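Thanks for coming, everyone. I have one structure to walk through today. Please take a look at it first.

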Amino acid sequence: MRTLYLLRHAKSSWKDASLRDFDRPLKERGREAAAVVGQRLAAEKLSQPLALCSPAVRTRETAEIVLKSAKLKVDERFDERIYEASLRDLLEVISEIPENVKAAILIGHNPGCEEVLAYLTSESRHVPTCGLAKIKLEQWKNVRAGEGSLDWFITAKELAED
């Protein structure tokens, strides 16, 4: 059994209109949310998961904060295909995860996160910023629609209310 943690980046800032979308940093609220989600991820007690991250500034910052807060040692890879990715692009990234990897964290953007979640689990959900889904899969390669099962889905807002 494989586990895919699907994480949408935290809330980003639109303060500097001169920045390209790719270069937008996190807002303070986003940094706080990422730390809360990281604490939740720590409870999973993952052993050296693979982290696949969009190279956009806001996803890199989200990854840094979440992984530090979760106290995770990861093999972290930045993949340009995750930024502005289609469902097909994201499924290709997932299919390339080595079979010996038991857990992977994919840190990306919408609409891709929502599309992957719906495709793998047949559950259509809005994935807000810093939304995190835990999806169980039999394999990484050749995954088909509906083959995954959604173990849980949380948002930073729900965690902050606890």
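I'll go through the sheet, then the helices, then a few single residues.

One thing up front: this is a predicted model.

Start with the sheet. Six strands make it up, and the sheet is open. The order is β3-β2-β4-β1-β5-β6, with mixed pairing. At the edges sit β3 and β6, residues 149–154, each pairing on one side only. From one strand to the next, the twist averages 15°. A quick reminder on pairing in general: strands of a sheet pair through backbone hydrogen bonds, either parallel or antiparallel.

Now zoom in on β2, residues 50–53. Are its residues buried or exposed? L50 and L52 point to one side, A51 and C53 to the other, and all of them are buried. So both faces of this strand are covered, given that buried means under 20% relative accessible area.

What does β2 pair with? On one hand there is β3, residues 75–78, in the parallel sense over four bridges. In that pairing, L50 has D75 of β3 as its bridge partner. The chain gets from β2 to β3 by way of helix α2, residues 57–69. That β-α-β crossover is right-handed.

On the other hand there is β4, residues 103–108. β2 and β4 run parallel, joined by four bridges. Here A51 stands opposite I105 of β4.

Stay with β4 for a moment. β4 is also joined to β1, residues 2–8, by six bridges, and these two strands run parallel. Within that pair, L6 of β1 faces L106 of β4.

On to the helices. α2, the crossover helix, lies across β1, β2, β3 and β4. Relative to β4, α2 runs at about 140°.

α2 also packs against a helix, α1, residues 28–42. How do we describe such a pair? Two packed helices are described by the angle between their axes and the distance between the axes. For α1 and α2, the axes come within 7 Å and cross at roughly 40°. That angle is why the two helices are called oblique to each other. The crossing of α1 past α2 is right-handed. From α1, the contact residues are R31, A34, A35, G38, Q39, L41 and A42. From α2, they are E61, T62, I65, V66 and S69.

Second helix pair: α3, residues 87–95, and α4, residues 112–121. Their axes are 9 Å apart, at an angle of about 70°. So α3 is roughly perpendicular to α4. This crossing, α3 past α4, is right-handed. L87, L90, L91 and I94 contribute from α3. G112, C113, E115, V116, Y119 and L120 contribute from α4.

Now the single residues. First, some backbone geometry. Most residues other than glycine have a negative phi, and most peptide bonds are trans. Where does this model depart from that?

Take N110 and P111. The peptide bond joining them is cis, with omega about 5°. P111 sits in the loop between β4 and α4.

Next, Q48. Its phi is near 45°, a positive value in a residue other than glycine. Q48 is in the loop between α1 and β2. Buried or exposed, then, is Q48? Exposed, with a relative accessible area of 63%.

Then S122. Phi is near 60° there, again positive, and again the residue is not glycine. S122 belongs to the loop between α4 and β5, residues 132–137. S122 is exposed as well, at a relative accessible area of 58%.

Two buried residues to finish. H9 is in the loop between β1 and α1. Although in a loop, H9 is buried, with a relative accessible area of 5%. What does H9 touch? Leaving out residues up to four places away in sequence, the list is R58, T59, T62, G108, H109, T129 and C130. One of those, T62, also takes part in the contact between α1 and α2.

Last one: T121, in helix α4. T121 counts as buried, at 10% relative accessibility. Apart from neighbours within four places in sequence, T121 is in contact with I135, G148, S149 and L150. And for a distance: T121 and E138 are 17 residues apart in sequence, and 12 Å apart in space, C-alpha to C-alpha.

That's the tour. Over to you for discussion.

How values were computed:
Residues are numbered from 1 along each chain as its sequence is written. This is a predicted model: local features need pLDDT of at least 70, side-chain atom pairs count only at pLDDT 80 or more; totals for chains, interfaces and linings use all residues. Side-chain values use heavy atoms; hydrogens and water are left out. Buried means under 20% relative accessible area, exposed over 50%, partly exposed in between (1.4 Å probe, protein chains only). Two strands pair if DSSP finds at least two bridges between them. A crossover is right-handed if, with the strands pointing away from the viewer, the path from the first strand over the helix to the second runs clockwise. Axes are lines fitted to C-alpha atoms, for helices over the stretch in contact, and angles run from 0 to 180 degrees between N-to-C directions. Angles under 35 degrees count as roughly parallel, over 145 as roughly antiparallel, 65 to 115 as roughly perpendicular and the rest as oblique. A crossing is left-handed if the near helix is turned anticlockwise from the far one by less than a right angle, and right-handed if clockwise. Contact means heavy atoms within 4.5 Å.
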